[in-house]
Amino acid sequence: MKKKVCIVVSSEMTIKAFLKEHILALSEYYEVTLIFDKRSSSLIQYDSFVPRIIPVAIKRRINPIADLRALFQLIRIFRENRFDLVHSVTPKAGLLAMLAGKISGISFRVHTFTGQVWASKTGLLRALLKSMDSILALSATHLLVDSISQRQFLIQEGVIKAYKSQVLASGSICGVDLGRFRANKEVRNRIRKDLGVMEQSFIILYMGRLNQEKGVIDLASAFNQLAGQHDKLYLFMVGKDEACLRKVIENRVSDKYKERLRFIDFTDKPEDYLAAVDVLCLPSYREGFGNVVIEAAACGVPAIGSD
């Protein structure tokens with residue numbers, strides 16, 4: 001009988017963007033179950049494998065009632081299924097899954113850190129969010145961190161212990177498929193034509209969730225300054241507008257430059273947009289190891305990022 005592995009995340013997007021290959025590899029040897037908020041998602045299905053999905057509403061933001069409900073749901077699910085290992089990604093899913101796993105007696109409880117919400121906060125909010133990560137770390141049996149510098153930061157801040165944590169290879173959550181992410185002139189020309197951008201134009205790309213902590217408003221302000229100096233400069237914003245920031249971003253750009261701003265919703269072909277642009281910009285306030293940076297590098301696209 002196969003041993004049972006459960007992967008817990010807040011959003012289906014985490015599964016689709018980062019964990020597909022992990023799940024396919026695990027499915028060859030283990031019985032894999034996925035837990036996430038499935039109310040607005042489509043069925044995850046791979047060519048050779050359809051994973052079992054158990055829906056649990058795990059909210060990104062702090063919501064005591066919803067969080068307690070999700071915690072008790074996870075405890076019940078873990079006790080009923082007696083998983084051999086539980087692996088969580090994203091902060092809230094990690095806190096709830098590691099606590100529920102410890103309470104339920106799951107032998108192996110693994111969490112992957114991909115960035116700290118509290119790193120850019122101050123005061124009581126920082127202390128609260130940081131304590132949540134500390135509880136998560138204490139409840140886990142093993143911790144993975146997606147970059148060497150992030151692991152050092154977490155150790156220095158007293159959130160994790162060195163003996164309990166490690167970085168796989170040189171970092172990142174899933175690496176990059178070099179057959180998929182590569183320079184492609186044909187795709188470059190097609191995307192530019194579809195979006196009404198001339199070949200000689202210079203395109204800045206932001207790719208990720210439209211969220212204030214990703215620095216997208218700062219990027220819009222910077223683009224507004226540069227657009228007046230360079231009349232062939234464009235900005236592509238590719239990603240789900242989860243915080244309803246499109247209007248805010250547009251308001252940071254002068255009316256005479258708005259025609260050079262493009263919004264593209266979530267795409268399952270990020271490699272096409274990377275192939276089409278000249279530089280990637282990731283001005284995030286808190287990233288562990290932004291995968292999009294090495295995806296851009298694979299496409300021959302330079303990146304500008306925050307520290």
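# Working through a predicted fold

Helix 2 (residues 64–81) and helix 3 (residues 91–104) have axes that come within 9 Å and cross at roughly 45°. This is a predicted model, in which local features need pLDDT of at least 70, side-chain atom pairs count only at pLDDT 80 or more, and totals for chains, interfaces and linings use all residues. Residues are numbered from 1 along each chain as its sequence is written, and side-chain values use heavy atoms, with hydrogens and water left out.

## Exercise 1: helix 2 against helix 3

Task: describe how helix 2 and helix 3 cross, and list the residues that meet.

Solution.

Step 1. Start with the angle, which is roughly 45° between the two axes. Axes are lines fitted to C-alpha atoms, for helices over the stretch in contact, and angles run from 0 to 180 degrees between N-to-C directions. That makes helix 2 oblique to helix 3. For the naming, angles under 35 degrees are roughly parallel, over 145 roughly antiparallel, 65 to 115 roughly perpendicular, and the rest oblique.

Step 2. Now the hand: helix 2 and helix 3 make a right-handed crossing. A crossing is right-handed if the near helix is turned clockwise from the far one by less than a right angle, and left-handed if anticlockwise.

Step 3. Look for contacts, meaning heavy atoms within 4.5 Å. From helix 2 come Asp67, Ala70, Leu71, Leu74, Ile75, Phe78 and Arg79, and they meet Lys92, Leu96, Ala97, Leu99, Ala100, Gly101, Ile103 and Ser104 of helix 3. Sorted by class, the residues of this contact are ten nonpolar, two polar and three charged. Here Ala, Val, Leu, Ile, Met, Phe, Trp, Tyr, Cys and Pro count as nonpolar, Asp, Glu, Lys and Arg as charged, and the others, Gly among them, as polar.

## Exercise 2: helix 3 against helix 4

Task: do the same for helix 3 and helix 4 (residues 123–139).

Solution.

Step 1. The axes of helix 3 and helix 4 are 8 Å apart and the helices pack at an angle of about 40°. That makes helix 3 oblique to helix 4.

Step 2. Helix 3 passes helix 4 in a left-handed crossing.

Step 3. On the helix 3 side you'll find Pro91, Gly94, Leu95, Met98, Leu99 and Lys102, which meet Met132, Ile135, Leu136 and Ser139 in helix 4. That contact has seven nonpolar, two polar and one charged residues.

## Exercise 3: the whole chain

Task: say what the protein chain is built from and why it is as compact as a globular protein of its length.

Solution.

Step 1. Count the elements: ten helices and twelve strands. Both are DSSP runs numbered from the N terminus, with helices (H or I) of at least four residues and strands (E) of at least two.

Step 2. The radius of gyration is 20 Å, close to the 19 Å that the globule rule gives for 307 residues, so the chain is as compact as a globular protein of that length. That radius is taken over C-alpha atoms, and the rule is 2.2 Å times the number of residues to the power 0.38.

Step 3. Along its principal axes, the C-alpha trace spans about 60 × 50 × 35 Å. Of the 307 residues, 49% count as buried, where buried means under 20% relative accessible area, exposed over 50%, and partly exposed in between (1.4 Å probe, protein chains only).

## Exercise 4: two positive phi values

Task: locate Arg82 and Cys244 and say whether each is buried or exposed.

Solution.

Step 1. Most residues other than glycine have a negative phi. Phi of Arg82 is near 50°, a positive value, and Cys244 has a positive phi of about 55°.

Step 2. Arg82 sits in the loop between helix 2 and strand 4 (85–89), and Cys244 in the loop between strand 9 (233–238) and helix 8 (246–251).

Step 3. Arg82 has 65% relative accessibility, so it counts as exposed. Cys244, at 64%, counts as exposed.

## Exercise 5: Tyr46 and its surroundings

Task: place Tyr46 and find what it touches.

Solution.

Step 1. Tyr46 lies in the loop between strand 2 (30–36) and strand 3 (52–55). Its relative accessibility is 10%, so Tyr46 counts as buried.

Step 2. Not counting residues up to four places away in sequence, Tyr46 touches Ile15, Lys20, Ile23, Leu24 and Pro51.

Step 3. Go back to Asp67 of helix 2: Tyr46 and Asp67 are 21 residues apart in sequence and 30 Å apart in space, C-alpha to C-alpha.
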